[in-house]
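Here is a sequence together with its structure, for a reader meeting both for the first time. The questions that follow move from the overall layout to single residues, and each answer ends on what was asked for.

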Amino acid sequence: MTEAFSYPFMYWVGMNTAPDTDAAALAEFSEFYSKTHVPEVLAHNPGFVRGSRYELIQPDPRGDFGPRWLAVYEMDGEAAARTYAQRNDGPPEGRPTYTPGPAAWKQTQTMWRMIWRHLTSCGTASELPHTIYMVGMNVPPDTDAAGLAEFNE
């Protein structure tokens with residue numbers, strides 16, 4: 001098995017379920033998401049090779065910076081990322097259709113959708129991650145190409 005986060009592009013979707021969703025509805029939501037929706041996304045999007053789901057277990061005490069649910073779809077190359085973005089930004093009739101989900105699925109709020117490009121890795125991984133610690137940052141808006149290269153280095 002290829003190590004997690006080893007593909008060159010990833011599509012991340014962060015969403016929240018309604019705060020008053022009960023345990024049974026959350027279980028139905030999670031079952032649908034993992035066993036129906038994720039496989040459909042992989043099947044309907046060329047170059048999507050793996051889908052993983054995560055649940056936020058420890059929110060940042062400084063504020064609401066992350067969604068409760070994270071789906072990570074790994075893509076085998078830039079063509080997959082560009083094709084997905086073009087289809088997603090294009091007319092609805094060009095987008096894949098997916099199975100309608102349970103009530104809790106229909107009440108979710110998508111906080112963001114992002115496509116990430118892999119830049120570098122350090123160290124080795126002996127197993128798939130069970131948690132993700134995400135730190136986001138932006139370079140200043142006036143950063144030129146040389147400054148961005150220095151930042152990435």
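Two strands count as a pair when DSSP finds at least two bridges between them. The model discussed here is a predicted one.

Q: In what order do the elements of the chain run from the N terminus on?
A: The chain of this predicted model holds four helices and four strands. Read from the N terminus on, these elements follow the order β-α-β-β-α-α-β-α.

Q: What box do the C-alpha atoms of the chain fill, taken along the principal axes?
A: The chain has 153 residues, of which 29% count as buried, and its accessible surface comes to about 10500 Å², with 54% of that belonging to carbon and sulfur atoms. Taken along the principal axes, the C-alpha atoms fill a box of roughly 50 × 40 × 35 Å.

Q: Among contacts between residues at least 6 apart in sequence, what percentage join residues at least 24 apart?
A: A contact here is a pair of residues with heavy atoms within 4.5 Å. Among the contacts in the chain between residues at least 6 apart in sequence, the share that joins residues at least 24 apart is 78%.

Q: How many of the residues of strand S1 are buried?
A: A residue is buried when its relative accessible area is under 20%. On one side of S1, Phe9, Tyr11, Val13 and Met15 are buried, and on the other side so are Met10, Trp12, Gly14 and Asn16, which leaves both faces covered. For strand S1, residues 9-16, the count of buried residues is therefore eight of eight.

Q: Which residue of S3 is the bridge partner of Gly14?
A: Strand S1 and strand S3, the latter made of residues 69-75, run antiparallel and are joined by seven bridges. Since a pair needs at least two bridges, S1 and S3 count as paired. Within S3, the bridge partner of Gly14 is Leu70.

Q: Which residue of S4 is the bridge partner of Asn16?
A: S1 is also joined to strand S4, residues 109-117, by eight bridges, and these two strands run antiparallel. In S4, the residue that serves as bridge partner of Asn16 is Gln109.

Q: How far apart are the end C-alpha atoms of helix H1?
A: Helix H1 covers residues 23-44, and at 1.5 Å a residue its 22 residues should span 32 Å. The distance in the model agrees with that expectation, because the end C-alpha atoms are apart by 30 Å.

Q: On which residue is the kink in H1 centred?
A: The bend in H1 amounts to about 40 degrees. Among the buried residues of the helix are Phe29, Phe32, Tyr33 and His37, and the kink is centred on one of these, Tyr33.

Q: Against which elements do the buried residues of H1 pack?
A: The buried residues of H1 include Leu26, Val38, Glu40 and Val41. An α-helix has 3.6 residues a turn, so residues three or four places apart point the same way. The elements that the buried residues of H1 pack against are S1, strand S2 (48-55), S3 and helix H3 (103-106).

Q: Which backbone nitrogen does a side-chain oxygen of Asp22 reach at the start of H1?
A: At the start of H1, a side-chain oxygen of Asp22 comes to within 3.1 Å of a backbone nitrogen. The residue that this nitrogen belongs to is Ala24.

Q: With which side chain does the side chain of Asn45 make a polar contact?
A: Asn45 is found in the loop between H1 and S2, and with a relative accessible area of 2% it is buried. Not counting residues up to four places away in sequence, Asn45 touches Tyr84, Arg87, Pro96 and Tyr98. The polar contact, at 3.0 Å, is with the side chain of Tyr98.

Q: Is Pro39 buried or partly exposed?
A: Pro39 has its place in helix H1, and, leaving aside its neighbours within four places in sequence, it is in contact with Tyr33 and Ser34. Its relative accessible area is 37%, and so Pro39 is partly exposed.

Q: What is the relative accessible area of Val49?
A: Val49 lies in strand S2, and, leaving aside its neighbours within four places in sequence, it is in contact with Tyr7, Leu42, Glu74, Met75 and Asp76. Val49 is partly exposed, with a relative accessible area of 35%.

How values were computed:
Residues are numbered from 1 along each chain as its sequence is written. This is a predicted model: local features need pLDDT of at least 70, side-chain atom pairs count only at pLDDT 80 or more; totals for chains, interfaces and linings use all residues. Side-chain values use heavy atoms; hydrogens and water are left out. Buried means under 20% relative accessible area, exposed over 50%, partly exposed in between (1.4 Å probe, protein chains only). The expected span of a helix is 1.5 Å times one less than its number of residues. The bend at a residue is the angle between axes fitted to the seven residues ending there and the seven starting there. A polar contact is a pair of N or O atoms within 3.5 Å; within protein, one must be able to donate a hydrogen and the other to accept it, and residues adjacent in sequence count only if both atoms are side-chain atoms. Accessible areas come from the Shrake-Rupley method with a 1.4 Å probe; for residues, only the protein chains shown count as cover.
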